[in-house]
Amino acid sequence: MKQTKKLIMMLMICIGCSALFGSTAMAQEVGVVEAVEAVAEAVAEVTEAADEINAADTAWMLIATALVLLMTPGLAFFYGGLVRRKNVLSVLMQCFMCMCVMTVLWVVIGYSLAFGSQPGFWGGFEYMMFNGVGLEANGTIPHVLFAAFQGMFAIITPALIIGAFAERMKFSAFLFFSILWLLFVYCPVCHWVWGQPGDYEGFFALGNDGALDFAGGTVVHINAAVAALMAAFVLGKRAGYPSKISPPHNLPFAVLGAGLLWFGWFGFNAGSELAADAVAANALLVTHVAASAAGVTWALIEWIKRGKPTVLGIITGAVAGLVGITPACGFVNSSGALAIGAGAGILAFVFVALKEKLGYDDSLDVWGVHGIAGIWGALATGIFAIEAIGGTAGVLEGNGGQLLIQCKAVLYTLIYSGIVSFVLLKAVDLVVGLRIAEQAERVGLDLSDHAEAAYTLVD
Amino acid sequence: MKYIVAIIQPDRLDEVLDALEKSEIHLVTVTQVMGRGRQKGIAEFYRGHKEVGSLLRKIKLEIAVSHDFVEKAITAITGAAKSGSIGDGKIIVLNIEDCVRIRTGERGGEAIG
């Protein structure tokens with residue numbers, strides 16, 4: 001295909017040139033103008049047709065895709081370390097299952113629904129079974145790579161919700177709910193923010209309306225977090241919550257998980273530029289800065305308020321900072337990142353502390369960390385955006401309206417994801433039942449749902 | 001002075017500790033153990049290999065009590081740990097020669113409570 005285009009282009013240039021020379025020789029003005037136009041057209045066509053694969057961009061995106069995948073096992077250990085030992089395998093299993101099932105779904109239909117060229121609610125079926133997703137360029141990377149990269153996001157977003165219903169949701173219910181959630185919540189919201197065709201301006205035009213969400217503050221974090229909140233309400237509290245729930249059984253796992261998440265987040269954020277360029281580099285830097293600012297902020301607050309800084313606190317803070325910077329990373333500089341990180345640390349700290357008073361059991365603080373920090377990040381993007389970095393100015397540079405556009409995107413996501421997640425939970429509850437039996441919860445999901453024990457005792 | 005050793009189901013621990021508190025028995029040592037009784041237990045699978053646990057996980061509680069608390073302790077533990085199925089566990093009552101509180105050097109009955 002490319003060869004043919006090149007030949008046609010060469011031919012047109014030759015025709016154009018010979019027409020030009022020919023007419024010059026004949027000294028006819030009209031002929032010269034026509035010839036120049038012909039050459040100009042040929043050049044224009046060449047520029048349009050050349051969506052060409054750039055080796056540097058492709059190399060980086062290959063790595064970024066792998067980095068984002070690593071975040072899901074990282075998340076698995078982060079969550080796994082925080083639950084009781086009798087449930088650690090169930091959390092790891094649910095995360096790994098997301099990796100496998102969401103990938104299959106993504107290939108079969110998910111990518112099409114999210115990124116198909118049909119405007120509006122969904123992207124249509126044009127890319128089902130990755131039909132039409134081939135080796136050709138999509139931007140400056142192969143289409144298969146773009147789809148793979150996005151697929152990694154589709155894996156980790158449903159996996160985030162696990163934190164809310166950990167230790168009490170049936171494995172079959174988790175599976176059905178996650179599948180339905182990907183298709184009916186993730187894919188639509190993804191389409192509204194990232195997947196609409198460029199000229200769409202209807203009700204679902206969140207991205208085209210100017211909402212800034214570089215790597216998924218709304219699509220990933222707010223989306224999953226409000227679903228998590230719904231799950232916490234619909235499933236009810238764990239037996240014995242709050243006084244009888246043991247502390248995290250393996251904090252070193254949680255720290256390991258947080259480290260893998262931070263590392264992978266470079267792919268998540270900097271990779272969302274889809275190119276190996278200065279914007280990606282800036283995204284990597286601000287991601288790192290925000291995580292650090294948030295971690296230090298949480299540690300300091302805890303040190304002052306409770307007398308001792310904890311490792312659980314600092315890693316939770318760092319993750320909150322990473323969540324907060326996710327929508328902003330392509331638009332802010334390091335000062336903005338410091339502010340966003342610190343803000344995320346403070347807000348997440350407050351909401352996590354409030355959780356017990358509010359009385360619901362969001363086992364691993366998905367709402368408190370991903371929801372609150374995600375909302376803060378989405379709004380802060382509108383505040384701290386710098387035109388020289390990402391092309392849009394924020395409130396600090398005089399563009400007050402950006403904050404309103406951010407609010408709109410946040411509200412759409414909250415309302416849509418909240419309602420549909422609630423409905424899906426209720427539907428799955430009717431069909432298979434969401435919650436495990438009381439005795440199974442006592443014995444632990446590892447033995448009840450998976451017939452496995454994470455740690456042997458004697459041997 | 002008596003020493004009570006109770007082997008119970010792991011998922012009953014919280015209830016048993018609560019029940020002991022209510023009976024004014026505060027001091028207890030808890031360990032994870034493996035053991036075998038008449039219970040066959042839950043099978044575990046590892047890549048197709050079925051592990052039929054000849055040893056099962058249990059929790060062991062050890063409590064030193066003065067003799068007038070023995071029946072209270074037994075009632076508390078039995079009431080909270082009983083589920084009716086095989087594998088609920090056993091309570092053993094032993095005699096204690098002596099008991100010493102390390103911090104103060106108290107001995108005997110005073111050291112127990």
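pLDDT is the predictor's confidence in each residue, from 0 to 100. The exercises below concern a predicted model.

**Exercise 1. State how confident the predictor is in chain A, and find which elements have the lowest and the highest mean pLDDT.**

Solution.
- Begin with the whole chain: chain A has a mean pLDDT of 90, with 89% of its residues at 70 or more.
- Go on to the elements of chain A: the lowest mean pLDDT, 54, belongs to helix H1(A) (residues 2–26), and the highest, 98, to H8(A).
- Then look at residues 22–27 of chain A, where the pLDDT is below 50; this stretch has six contacts in the model beyond near neighbours in sequence.
- For the model as a whole, the scores are ipTM 0.80 and pTM 0.86.

**Exercise 2. Describe the length, bend and burial of helix H8(A), residues 251–270.**

Solution.
- Length: H8(A) has 20 residues, and from first C-alpha to last it reaches 28 Å, close to the 28 Å expected at 1.5 Å a residue.
- Bend: a kink of about 30° is centred on Gly264(A).
- Burial: 14 of the 20 residues in H8(A) are buried, so the helix is mostly covered, taking buried to mean 20 or more other C-beta atoms within 10 Å.

**Exercise 3. Check the span of helix H14(A), residues 401–431, and find which helices its buried residues pack against.**

Solution.
- H14(A) has 31 residues, which at 1.5 Å a residue should span 45 Å.
- The end C-alpha atoms of H14(A) are 45 Å apart, so the model agrees with the expected span.
- Next, list buried positions: among them are Gln402(A), Gln406(A), Tyr412(A), Ser417(A), Leu424(A) and Val428(A).
- The buried residues of H14(A) pack against helices H6 (171–195), H7 (217–235) and H12 (366–384) of chain A.
- After the helix comes Gly433(A), with a positive phi near 80°.

**Exercise 4. Decide whether Tyr127(A) is buried or exposed, and list what it touches.**

Solution.
- Locate the residue: Tyr127(A) is in the loop between helix H4 (88–115) and strand E1 (137–138) of chain A.
- Count its surroundings: 22 other C-beta atoms lie within 10 Å of Tyr127(A).
- The cut-off for buried is 20 or more, so Tyr127(A) is buried.
- Leaving out residues up to four places away in sequence, Tyr127(A) touches Tyr111(A), Ser112(A), Phe115(A), Gly116(A), Gly132(A) and Val133(A).
- Leu113(A) is 14 residues from Tyr127(A) in sequence, and their C-alpha atoms are 8.1 Å apart.

**Exercise 5. Summarise the fold of chain B and the confidence in it.**

Solution.
- Count the elements: chain B has three helices and six strands.
- Put them in sequence order: the pattern is β-α-β-β-β-β-α-β-α.
- Take the dimensions: the C-alpha atoms of chain B fill a box of roughly 55 × 25 × 20 Å along the principal axes.
- Of the 113 residues in chain B, 18% are buried.
- Among contacts with a separation of 6 or more, 72% join residues 24 or more positions apart.
- Confidence: the average pLDDT of chain B is 88, and 92% of the residues score at least 70.
- By element, E3(B) has the lowest mean pLDDT, 71, and strand E1(B) (residues 2–8) the highest, 96.

**Exercise 6. Describe the side of chain B that touches chain A.**

Solution.
- Contacts: 10 residues of chain B meet 10 residues of chain A.
- Elements: those giving two or more residues to this side of chain B are strands E2 (29–35) and E3 (44–46) of chain B.
- Composition: the residues on this side of chain B are five nonpolar, one polar and four charged.

Terms used: Residues numbered from 1 in each chain as written. Chains lettered and ligands numbered in written order. Predicted model: local features only at pLDDT ≥ 70, side-chain atom pairs only at ≥ 80, totals over all residues. Contact = placed C-beta atoms within 7 Å. Helix = DSSP H or I, 4+ residues; strand = E, 2+ residues; numbered from the N terminus. Nonpolar A, V, L, I, M, F, W, Y, C, P; charged D, E, K, R; others polar. Expected span 1.5 Å × (residues − 1). Bend = angle between axes of the 7 residues up to and from the residue. Buried ≥ 20, exposed ≤ 12 C-beta atoms within 10 Å, placed from the backbone.
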